Amino acid sequence: MPSETIKLTAKLKLKEIPNGLDALFSTYREIVNYLIGYAFENNVTSFYRLKKETYKSLRKEYPELPSHYHYTATQMATMIYKSYRKRRKKGKANGKPVFKKEVIMLDDHLFKLDLEKRIVKLSTPSGRIELEFYPAKYHEKFGDWKIGQAWLVRTQKGVFINVVFSREVEVREPETFVGVDLNENNVTLSLPNGEFVQIITHERELRTGYFVKRRKIQKKLRAGKKREELLEKYGRRERNRLDDLYHKLANKIVELAEKYGGIALEDLTEIRDSIRYSAEMNGRLHRWSFRKLQSIIEYKAKLKGVRVVFVNPAFTSSLCPVCGGKLSPNGRRVLKCECGFEADRDVVGSWNISLRALKMWGVSVPPESPTMKVRVGKVSRADVYELYTNHG
């Protein structure tokens with residue numbers, strides 16, 4: 001049975017902020033910005049070349065800093081410059097990129113973690129120091145996971161070490177796929193047994209409600225501590241409710257797909273670049289955290305041995321899943337084909353997603369396989385379930 005790697009990040013909040021941490025953040029930021037500038041002026045996108053051409057001079061200027069900080073700073077600078085180049089090609093960036101964040105990348109030479117003792121050992125210019133962190137219930141599940149890289153992060157809430165954990169899991173070969181069509185306010189599933197399930201999430205209403213609250217605060221309070229506190233309060237509350245919703249939703253999807261062995265999702269990584277609707281619709285879609293939901297579905301599925309594949313999202317809701325013809329509107333949500341097929345647009349989307357996954361897997365599907373048994377005629381709307389989130 002093939003295996004795949006799951007990676008999850010755990011946040012460890014430090015109990016006390018040690019002396020010298022300000023200087024470490026400042027020095028690291030200086031080094032990253034120097035490296036970004038060098039990469040920018042010399043058009044260097046290779047980590048190895050950037051490291052080779054700058055390492056000696058940096059070691060000479062910062063002799064007390066452990067050498068692996070130079071190594072991770074070079075990684076950071078390379079990633080930032082590559083990202084900048086991509087955005088510049090799309091006309092979304094100009095000038096010179098600058099690193100302003102209070103973030104330090106750590107590799108396994110710079111920190112050692114002991115989950116049981118709740119201690120992180122961190123290398124600094126003055127030697128290795130021990131840092132205690134606050135325990136959280138979810139940290140316990142990482143006891144037998146492999147520890148990867150980490151980030152030392154300073155925010156208004158304190159200093160955190162965000163550690164990446166990984167684990168190898170066995171993922172079986174799927175018998176077939178459950179097609180999952182993610183939408184702003186619902187998720188529709190096409191099951192291999194011919195049934196369709198639609199889960200009403202109310203995500204659009206939730207996001208819109210918090211968006212309106214933030215707008216009212218911003219109009220009423222132009223500046224000040226109270227304004228920032230209220231915006232942070234409602235932002236945190238929105239994130240918590242969405243996290244709760246996404247985990248419940250992912251659990252339900254994986255539960256329905258487990259017996260089939262496969263889940264098919266749309267590859268939506270470029271959707272924001274192609275959004276060309278009204279200002280209101282653009283804003284709503286930019287606030288929709290579809291990729292986060294997909295990531296949660298993906299790792300929960302892998303933990304259950306269920307394979308996840310991503311398919312091309314083009315025309316999934318506009319082509320007939322039976323004959324491949326162009327669908328036409330036949331009511332507010334219903335689409336109809338000349339071949340006689342008729343269904344809700346979300347049902348069509350989820351069905352086409354599952355068919356594309358099967359095609360990726362080498363299975364003959366409509367319209368190439370006319371002998372395949374499919375239902376022609378009106379397909380009823382999916383069975384509908386409502387998924388509620390905590391309101392606390």
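**Exercise 1. A small sheet**

Task: State in which sense strand β14 and β15 pair, and over how many bridges.

Solution. Start with the pair itself. In this predicted model, β14 (residues 334-336) and β15 are joined by three bridges, in the antiparallel sense. Next, pick out a facing pair: Lys336 is opposite Glu342 of β15. Now widen the view. The sheet is open and has three strands, in the order β13-β14-β15, with antiparallel pairing. β13 (328-329) and β15 (342-344) each have a single partner strand, so they are the edges, and one side of each lacks a neighbour in the sheet. Last, add the helix. α8 (residues 345-360) lies across β14 and β15, and runs at about 100 degrees to β15.

**Exercise 2. Helices α1 and α3**

Task: Classify the packing of α1 against α3 from the angle between them, and describe the contact.

Solution. Two numbers are needed: packed helices are described by the angle between their axes and the distance between those axes. Helix α1 (residues 21-42) and helix α3 (residues 67-89) pack at about 50 degrees, with axes 8 Å apart. α1 is therefore oblique to α3. The crossing of α1 past α3 is right-handed. Now list the residues. α1 contributes Leu24, Tyr28, Ile31, Val32, Leu35, Ile36, Ala39 and Phe40. Among their partners in α3 are Tyr69, Met76, Ile80, Tyr84 and Arg88. Sort the contact by class: 15 residues are nonpolar, three polar and one charged.

**Exercise 3. Helices α4 and α5**

Task: Do the same for α4 and α5, starting from their angle and the distance between their axes.

Solution. Helix α4 spans residues 203-220 and helix α5 residues 225-257. Their angle is about 175 degrees, and their axes are 10 Å apart. Angles over 145 degrees count as roughly antiparallel, so α4 is roughly antiparallel to α5. On the α4 side, the contact includes Glu203, Leu206, Arg207, Tyr210 and Lys213. On the α5 side, Arg227, Leu230, Tyr234, Glu238 and Arg241 are among the residues involved. By class, this contact has nine nonpolar, two polar and eight charged residues.

**Exercise 4. Confidence**

Task: Find where in the protein chain confidence is lowest and where it is highest.

Solution. Begin with the whole chain. Mean pLDDT is 88, and 88% of residues reach 70 or more. Then look at the elements. Helix α6 (residues 279-287) is lowest, at a mean of 56. Strand β2 (residues 103-106) is highest, at 98. Finally, check residues 369-378. pLDDT stays under 50 there, and the model has 20 contacts beyond four places in sequence for this stretch.

Key. Residues are numbered from 1 along each chain as its sequence is written. This is a predicted model: local features need pLDDT of at least 70, side-chain atom pairs count only at pLDDT 80 or more; totals for chains, interfaces and linings use all residues. Side-chain values use heavy atoms; hydrogens and water are left out. Axes are lines fitted to C-alpha atoms, for helices over the stretch in contact, and angles run from 0 to 180 degrees between N-to-C directions. Helices (H or I, at least four residues) and strands (E, at least two) are DSSP runs, numbered from the N terminus. Angles under 35 degrees count as roughly parallel, over 145 as roughly antiparallel, 65 to 115 as roughly perpendicular and the rest as oblique. Contact means heavy atoms within 4.5 Å. Ala, Val, Leu, Ile, Met, Phe, Trp, Tyr, Cys and Pro count as nonpolar, Asp, Glu, Lys and Arg as charged, and the others, Gly among them, as polar. Two strands pair if DSSP finds at least two bridges between them. pLDDT is the predictor's confidence in each residue, from 0 to 100. A crossing is left-handed if the near helix is turned anticlockwise from the far one by less than a right angle, and right-handed if clockwise.
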